[in-house]
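The notes below go through the model point by point, for reading beside the coordinates. They begin with one turn and widen from there.

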Amino acid sequence: MITREQHEKVRGWFAGRLPDELFEGLDEVTVDREEITVVGRIPEPRLAAEASAAEREAAVRARVQEFRERSRAARVAVAREAEHRFRRKVSWGVRCGAERTLFTHVAAPVMTRLRQPQRQVLDTLVAAGVARSRSDALAWCVRLVQRHTDDWLGELRDSLEHVQRVRAQGPDTEHAGNTADTADAEDVAGAGEAEDAE
């Protein structure tokens, strides 16, 4: 798991490295073992006050597509540097008004062993048409847990960071110091396949 300090360093690197003209502002930087997702704010299209919802939706989609095409070279250059530095794939997205759009993202395989009762849950979701496959059903379950337990997961992440800080103050810290840089680099390392690579 990446610590808050490591996350802040990644966010700071992007804040300093992104060209000023690329985004109006850096909206979010999300990091896990495989991927860094960078979402920036872009200006909303100017429309008449009486514009319909359909017109607004079409205008936002067009603005996002225009930004994606125009900024591709700059984003690829930054992504290459970041992937070399942090050893993670970089995914991009934008927020335009209330709309958040991701251009790319990593679909990382996760191996797991499930006993029959858990497999039956997945098979029920597939049979009911909620999911296309066991893999899809497992992803659906993860999204459901995420939606209903965000506060609990946040507390758990905070607790893990506390454990890492206490562990770093232990008696073996000096001996482990020689490998600390390597461990940090490995913690920030990862691999994955982008579904829509830039």
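1. The E3–E4 hairpin. Strands E3 and E4 form a hairpin with 2 residues between them, and Gly97 in the turn has a positive phi of about 65°. The model is a predicted one, and this angle should be read as a property of that model. The two strands, E3 at residues 89–96 and E4 at residues 99–102, pair in the antiparallel sense over 4 bridges. Within that pairing, Gly93 stands opposite Leu102 in E4.

2. Strand E3 and its other neighbour. E3 is mostly covered, with 6 of its 8 residues buried. Besides E4, E3 pairs with strand E2 (residues 35–41), here in the parallel sense and over 7 bridges. Arg41 stands opposite Arg95 in E3.

3. The crossover. What links the parallel strands E2 and E3? Helix H2 (residues 53–86) does: E2, H2 and E3 make a β-α-β unit, and the unit is right-handed.

4. Strand E1. On the E1 side, a hairpin of 3 residues joins E1 to E2. The two strands run antiparallel and share 6 bridges, with Leu26 standing opposite Gly40 in E2. E1 covers residues 25–31 and is mostly covered, as 5 of its 7 residues are buried.

5. Overall layout. The protein chain has 6 helices and 4 strands. Along the sequence their pattern is α-β-β-α-β-β-α-α-α-α. Of the 198 residues, 27% are buried. Contacts between residues 24 or more positions apart account for 60% of those with a separation of 6 or more. The chain exposes about 13,700 Å², and carbon and sulfur atoms supply 50% of that area.

6. Glu28 and its partners. The structure holds 12 salt bridges. In one of them, the side chains of Glu28 and Arg95 meet at 3.4 Å, N to O. This pair links distant parts of the chain, with Glu28 in strand E1, Arg95 in strand E3 and their positions 67 residues apart in sequence. Glu28 also forms a salt bridge with Arg100, where the closest N and O atoms are 2.9 Å apart. Because Glu28 lies in strand E1 and Arg100 in strand E4, this second pair ties together parts that are 72 residues apart in sequence.

7. Accessibility of these three. Is Glu28 buried or exposed? Glu28 counts as buried because its relative accessibility is 19%, and the cut-off for buried is under 20%. Arg95, at 22% relative accessibility, counts as partly exposed. Arg100 is partly exposed as well, with a relative accessible area of 38%.

8. A bridge between helices. The side chains of Arg134 and Asp123 meet in a salt bridge of 2.8 Å, N to O. Arg134 lies in helix H4 and Asp123 in helix H3, so this pair ties together parts that are 11 residues apart in sequence. Arg134 counts as partly exposed at 42% relative accessibility, and Asp123 is partly exposed with a relative accessible area of 32%.

9. The charged network. Which residues do salt bridges with shared partners join into one network? They are Asp27, Glu28, Arg41, Arg95 and Arg100. Arg41 and Arg95 of this group are the residues that stand opposite each other in the E2–E3 pairing.

10. Glu83 in helix H2. Glu83 has its place in helix H2. At 26% relative accessibility Glu83 counts as partly exposed. Leaving out residues up to four places away in sequence, Glu83 touches Arg88, Lys89 and Val90. Glu83 and Ile36 are 47 residues apart in sequence, and their C-alpha atoms are 8.9 Å apart in space.

11. A nonpolar surface patch. Val130, Trp140 and Leu144 make a nonpolar surface patch of about 220 Å². Val130 lies in the loop between helix H3 (116–127) and helix H4 (134–148). With a relative accessibility of 40%, Val130 counts as partly exposed.

Terms used: Residues are numbered from 1 along each chain as its sequence is written. This is a predicted model: local features need pLDDT of at least 70, side-chain atom pairs count only at pLDDT 80 or more; totals for chains, interfaces and linings use all residues. Side-chain values use heavy atoms; hydrogens and water are left out. Buried means under 20% relative accessible area, exposed over 50%, partly exposed in between (1.4 Å probe, protein chains only). Two strands pair if DSSP finds at least two bridges between them. A crossover is right-handed if, with the strands pointing away from the viewer, the path from the first strand over the helix to the second runs clockwise. Patches are made of residues with over 30% relative accessible area and no salt bridge: like charges are joined within 9 Å, nonpolar side chains (Val, Leu, Ile, Met, Phe, Trp, Tyr) within 5 Å. Accessible areas come from the Shrake-Rupley method with a 1.4 Å probe; for residues, only the protein chains shown count as cover. A salt bridge is a side-chain nitrogen of Lys or Arg within 4 Å of a carboxyl oxygen of Asp or Glu. Contact means heavy atoms within 4.5 Å.
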